[in-house]
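Colleague: I should be grateful for a close look at one part of this model, followed outward into its surroundings. Please set it out as a single connected account.

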Amino acid sequence: MADLKLGFGPFRAPSEGILVVFCDDSLNIGAATRKILGKVVDSLSKAAAAEHFTGKSGAVLDIVLPADLNVSRLTVIGTGKTNGLKSKDFLKLGGAAAGKLPRAGGDAMVVADLPDGPMSADAVADLAAGAKLRTYKFERYKTKQKDDEEKQGSVDLTIAVAHPPTATRSWRSREALADGVTLARDLINEPANVLYPEEFARRAARLRKLDVVVDVLDVRAMKRLGMGALLAVGQGSMHESRVVVMRWNGGKRGAPPVAFIGKGVCFDTGGVSIKQASGMEDMKGDMAGAACVVGLMHALAARHAKVNAVGAIGLVENMPDGNSYRPGDILKSMSGQTIEVINTDAEGRLVLADVLHYVNTKHKPKFMIDLATLTGAIMVALGHEHAGLFTNNDELSSRLLAAGEATGERVWRMPLAPEYDKLIDSKVADMKNTGGRHGGAITAAQLLARFVGKTPWAHLDIAGTAMASPQNEINKSWSSGWGVRLLDHLVAEHYEG
Ligand code: BES
Ligand code: MN
Ligand code: ZN
């Protein structure tokens, strides 16, 4: 569908369009649902039996032109067992419901009711967010419609709830989050000829509208700071590098901020150590970490989170050119540590090294979490369902693991150890930028660890989850916006107020 218009209304029988209701795995429905369905309830169990519908989570039963209801279709969606449904489950249900909305547009109603009573305001907000994220599409560059394609229209979706004003209030902050995810997805989907470092910086600067303080460091400023690692990566590109620092001050004045750092390689050719051609187009998404940080800062500001937060992104393009950095080059990072370049395709860690050091020394954060599409090795290890978590802090680890379970953006802890750290020692400099074929995601993380001092820090390797990841109930796009919901949840649970 072209567009989703979302609103909340009271429980009532709709007079047209499509009706979506929920039932559990014993085919039980809530009282409000029962009232809306009227006589149709009597035929439900027969229809379910005919279609082998058991109400298991995500299963769907369609009843076209149900008698006694003024709707064109009734869709029953299974919830499975309803005890212990979490935020991520309501998102999925909202996604499943939105998946049943007509492409051509029209009216639809989803009844936010379960066998044990109406959904809470927060559950309703998650349901709505799921619907919003499910209908996300990136079609900015499509100018033609194929002959056999159904015309797309906008859907007017009413979510019927126990108390519309509280649902609307709860939705306002959930909508901020959904918009943050959408913003991240849009940035990741944009091609690199459009979204190069300066343009990315301009997009990030739009957060000023939400009262985020945005500072942009240009090449001159970075040279003055001595960011020799980041600048080396970008020096072969016709596009200048940038660092953008976004600050949201919603917490106590002077309280140390939480900090998020993103890898923003707008395109990664590999540089002189050039990548193979097959699949290289996906490297337009090598800035997904940075996109997530921008999306998260949007969410925090738009929902007026009671926290001081810093978001910092290193924006470069990694190109082969007469001016490119080369294997064998020795770089001086802002921290003073020197790095021998073994492979110019191991560029993300060089970018992050300088941004991590900058944020750590300038903002003295409570913790730093970086997000980066850092290694192919993490995909070999974990596939696409978990991001790799590397951290020097057990509390941050358990909080991130729990946030992952709650939001469905799951992380899996990977090791750090002195024996791995040794693998990146260099004969000619303080370290080298790769550590050999084995444990590639770990040695990448060990390099980052050398730039965070004693600050609690976590590194999320999102190469497997950020892009080209499996599609699910709340994402049908190439880019998932992975991490925005995870980190918003972490902040809300532990660092606000
Ligand atoms: N951006 C890539 C990692 C990547 C690959 C992300 C595929 C998503 C999909 C990163 O800059 C990279 O090239 N890493 C190299 C490191 C190696 C040269 C040590 C890799 O993983 O092969
Ligand atoms: Mn690379
Ligand atoms: Zn890269």
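Modeller: I begin with Asp-286, which counts as buried because its relative accessibility is 1%, and the limit for that class is under 20%. The model is a predicted one, and every value below is computed from it.

Asp-286 belongs to the site of the zinc ion (ligand 3), where it donates through OD alongside Lys-263 (NZ), Asp-268 (OD) and Glu-347 (OE), at 2.0 to 2.4 Å. Along the sequence, the donor residues of the zinc ion (ligand 3) follow the spacing K-x4-D-x17-D-x60-E. The site has six donor atoms with angles of 78 to 173 degrees among them, and it is classed as octahedral. Asp-286 lies in the loop between strand 11 and helix 9 (288-302), while Glu-347 lies in the loop between strand 14 and helix 10; the pair, 61 residues apart, links distant parts of the chain. For comparison with the angles just given, the ideal values for six octahedral donors are 90 or 180 degrees.

A second metal accompanies the zinc ion. Asp-268 bridges the zinc ion (ligand 3) and the manganese ion (ligand 2), the two ions lying 3.2 Å apart. The manganese ion (ligand 2) takes its protein donors from Asp-268 (OD), Asp-345 (O and OD) and Glu-347 (OE), at distances of 2.0 to 2.2 Å. Asp-345 therefore appears twice in that list, through O and through OD. The spacing of the donor residues of the manganese ion (ligand 2) in sequence is D-x76-D-x1-E. Six donor atoms surround this ion too, but their angles run from 70 to 166 degrees and the site is irregular. Within it, Asp-268 sits in strand 11 (residues 258-268) and Glu-347 in the loop between strand 14 (338-340) and helix 10 (348-363), so this pair ties together parts 79 residues apart in sequence.

The accessibility of these donors completes the picture of the two sites. Asp-268 counts as buried, its relative accessibility being 2%. Glu-347 is likewise buried, at 1%.

From the metals I turn to the charged side chains. The structure holds 25 salt bridges. In one of them, Glu-190 and Arg-140 meet at 2.2 Å, N to O. Glu-190 lies in the loop between helix 5 (164-189) and helix 6 (197-205), and Arg-140 in the loop between helix 4 (121-134) and strand 8 (154-161), so the pair joins parts that are 50 residues apart in sequence. The two partners differ in exposure: Glu-190 counts as buried at 1% relative accessibility, whereas Arg-140 counts as partly exposed at 47%.

Glu-190 also forms a salt bridge with Arg-203, at 3.4 Å, N to O. Because Arg-203 lies in helix 6 and Glu-190 in the loop between helix 5 and helix 6, this pair ties together parts 13 residues apart in sequence. Both Arg-203 and Glu-190 are buried. Elsewhere in the chain, the side chains of Asp-421 and Arg-450 form a salt bridge of 2.9 Å, N to O. Asp-421 is in helix 13 (residues 418-422) and Arg-450 in the loop between helix 14 (440-449) and strand 19 (457-461), so the pair brings together parts 29 residues apart in sequence. Asp-421 counts as partly exposed, at 22% relative accessibility. Salt bridges with shared partners also join Arg-140, Asp-186, Glu-190, Glu-199, Arg-202 and Arg-203 into one network.

A further loop position deserves mention. Thr-82 is placed in the loop between strand 4 (73-78) and helix 3 (87-98). Thr-82 is buried, with a relative accessible area of 16%. Leaving aside residues up to four places away in sequence, Thr-82 touches Asp-24, Leu-114, Pro-115 and Asp-116.

Finally, the overall frame. The protein has 15 helices and 19 strands. Its radius of gyration is 24 Å, close to the 23 Å that the globule rule gives for 497 residues, so the protein is as compact as a globular protein of that length. The C-alpha atoms fill a box of roughly 80 × 50 × 40 Å along the principal axes. Of the 497 residues, 57% count as buried. Among contacts between residues at least 6 apart in sequence, 79% join residues at least 24 apart. The accessible surface comes to about 20700 Å², and carbon and sulfur atoms account for 50% of it.

Methods. Residues numbered from 1 in each chain as written. Chains lettered and ligands numbered in written order. Heavy atoms only, no water. Donors = N, O, S within 2.8 Å, 3.2 Å for Na, K, Ca; no water. Tetrahedral: all angles 85-135°; square planar, octahedral: opposite > 155°, others 65-115°. Helix = DSSP H or I, 4+ residues; strand = E, 2+ residues; numbered from the N terminus. Buried < 20%, exposed > 50% of the residue type's maximum accessible area, 1.4 Å probe, protein only. Salt bridge = Lys/Arg side-chain N within 4 Å of Asp/Glu carboxyl O. Rg over C-alpha atoms; globule rule 2.2 N^0.38 Å. Contact = heavy atoms within 4.5 Å. Areas by Shrake-Rupley, 256 points an atom, 1.4 Å probe, with all protein chains shown as cover.
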